[in-house]
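Open the model in your viewer and keep the selection tool at hand. Each stop below says what to select and what is there.

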Amino acid sequence: MVSEQNRELVKQAWRSFSSRDKDLIASFFTQDAEWLAPPGNATAVALGATHHMVGRDAIVHFLTVDFPRMFVADVAVDFRGFYADGDVVVVEETMQATLAGGNAYRNDYCFIFQLRDGLIHRVREYMDTAKGHRMVFGDAPSDQ
């Protein structure tokens, strides 16, 4: 039963991200939540941001302010699956959007959500970083 509840909580959280409602989004995260993405990923580089957000406020700021600066239109997510085992929920998806510079963006992602006391405590994000760099900057990063 806990797995099902956690899977539903992550689905609700995901739906809240597109609302840009800071209070609603914040309600899904612990105060000390962390979001970890691969170092040097194209989004972090383009925004001059960190790949490791620490704290609910930093995560909410990214989702409501930074994300829409980068992915400006036509954001669509095709969910491949939501899998839950206890306090861990895994989400597979493909995201597409129009970037601020006008380029099309499409990449596959895997997110691992770790919950604590019914809230998201840690998110680990995985994607094809070289493909992301090609779409954002036109070439692959030299260190990957």
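The tour runs from a pocket to a cavity, then on to aromatic rings, single residues and backbone angles. Bear in mind that the model is predicted.

**Stop 1: the largest pocket**

Start with Phe 62, Leu 63, Phe 67, Phe 71 and Met 95. Of the 31 residues that line the largest pocket, these five lie nearest its centre. The pocket has a volume of about 600 Å³.

Now colour by element. Two or more lining residues come from each of α1 (2-17), α3 (42-47), α4 (56-70), β3 (71-85), β4 (88-99), β5 (104-116) and β6 (119-127). Which share of the lining is the largest? Strand β3 provides it, with 7 residues.

Switch to colouring by residue class. The lining splits into 22 nonpolar, 5 polar and 4 charged residues.

**Stop 2: the largest cavity**

Next, look for enclosed space. Rolling a probe the size of a water molecule over the atoms shows where empty space is left. The structure has 1 cavity of 30 Å³ or more. The volume of the largest cavity is about 50 Å³.

Select its lining: Asn 41, Ala 42, Thr 43, Tyr 105, Asn 107, Tyr 109, Met 127, Asp 128, Thr 129 and Gly 132. At least two of the lining residues come from each of α3, β5 and α5 (129-137). β5 contributes the most, 3 residues. By class, the cavity lining holds 4 nonpolar, 5 polar and 1 charged residues.

Keep Tyr 109 selected. This cavity-lining residue also belongs to the aromatic cluster at the next stop.

**Stop 3: the aromatic cluster**

Show the rings. There are 15 aromatic pairs in the structure. Take Trp 14 and Phe 17 as one of them: their ring centres are 5.1 Å apart and their planes meet at 55°. That angle is neither under 30 degrees nor over 60, so the pair counts as tilted.

Trace the backbone between the two. Both residues sit in helix α1, 3 residues apart, or about one turn of the helix. Are Trp 14 and Phe 17 buried or exposed? Both are buried.

Widen the selection to Trp 14, Phe 17, Phe 29, Trp 35, Phe 79, Phe 82, Tyr 109, Phe 111 and Phe 113. Together they make up one aromatic cluster.

Then add Lys 11. Its charged end sits over the ring of Phe 82, a member of that cluster. The distance from the charged end to the ring centre is 5.3 Å.

**Stop 4: His 121**

Move to strand β6 and pick His 121. What does its side chain contact? One polar contact goes to the side chain of Thr 30, at 3.2 Å. Another goes to the side chain of Arg 116, at 3.3 Å. His 121 has a relative accessible area of 17%. Buried means under 20%, so His 121 is buried.

**Stop 5: Thr 64**

Go to helix α4 and select Thr 64. Draw a distance from its side chain to the backbone oxygen of Val 60: it reads 2.8 Å. Thr 64 is buried, with a relative accessible area of 9%.

**Stop 6: Leu 47 and Met 70**

Leu 47 is in helix α3. With 16% relative accessibility, Leu 47 counts as buried. Now add Met 70. Along the chain, Leu 47 and Met 70 are 23 residues apart. In space, their C-alpha atoms are separated by 7.4 Å.

**Stop 7: two positive phi angles**

Finish on the backbone. Select Arg 20, in the loop between α1 and α2 (22-26). Arg 20 has a positive phi of about 60°, although it is not a glycine. At 49% relative accessibility, Arg 20 counts as partly exposed.

The last selection is Asp 74, in strand β3. It is not a glycine either, yet its phi is positive, at about 55°. Is Asp 74 buried or exposed? Its relative accessibility is 58%, and Asp 74 counts as exposed. The cut-off for exposed is over 50%.

Notes. Residues are numbered from 1 along each chain as its sequence is written. This is a predicted model: local features need pLDDT of at least 70, side-chain atom pairs count only at pLDDT 80 or more; totals for chains, interfaces and linings use all residues. Side-chain values use heavy atoms; hydrogens and water are left out. On a 1 Å grid over the protein atoms alone, a cavity is a set of points where a 1.4 Å probe fits but cannot get out, and a pocket is an open set with protein on both sides within 12 Å along at least five of seven lines; lining residues have an atom within 4 Å of a point. Grid points are joined across faces, edges and corners, and a volume is the space filled by probe spheres set on the points. Helices (H or I, at least four residues) and strands (E, at least two) are DSSP runs, numbered from the N terminus. Ala, Val, Leu, Ile, Met, Phe, Trp, Tyr, Cys and Pro count as nonpolar, Asp, Glu, Lys and Arg as charged, and the others, Gly among them, as polar. Rings of Phe, Tyr and Trp (its six-membered ring) pair if their centres lie within 6.5 Å; planes under 30 degrees apart count as stacked, over 60 as edge-to-face and the rest as tilted. Buried means under 20% relative accessible area, exposed over 50%, partly exposed in between (1.4 Å probe, protein chains only). A charge sits over a ring if NZ of Lys or CZ of Arg is within 6 Å of the ring centre and within 35 degrees of the ring normal. A polar contact is a pair of N or O atoms within 3.5 Å; within protein, one must be able to donate a hydrogen and the other to accept it, and residues adjacent in sequence count only if both atoms are side-chain atoms.
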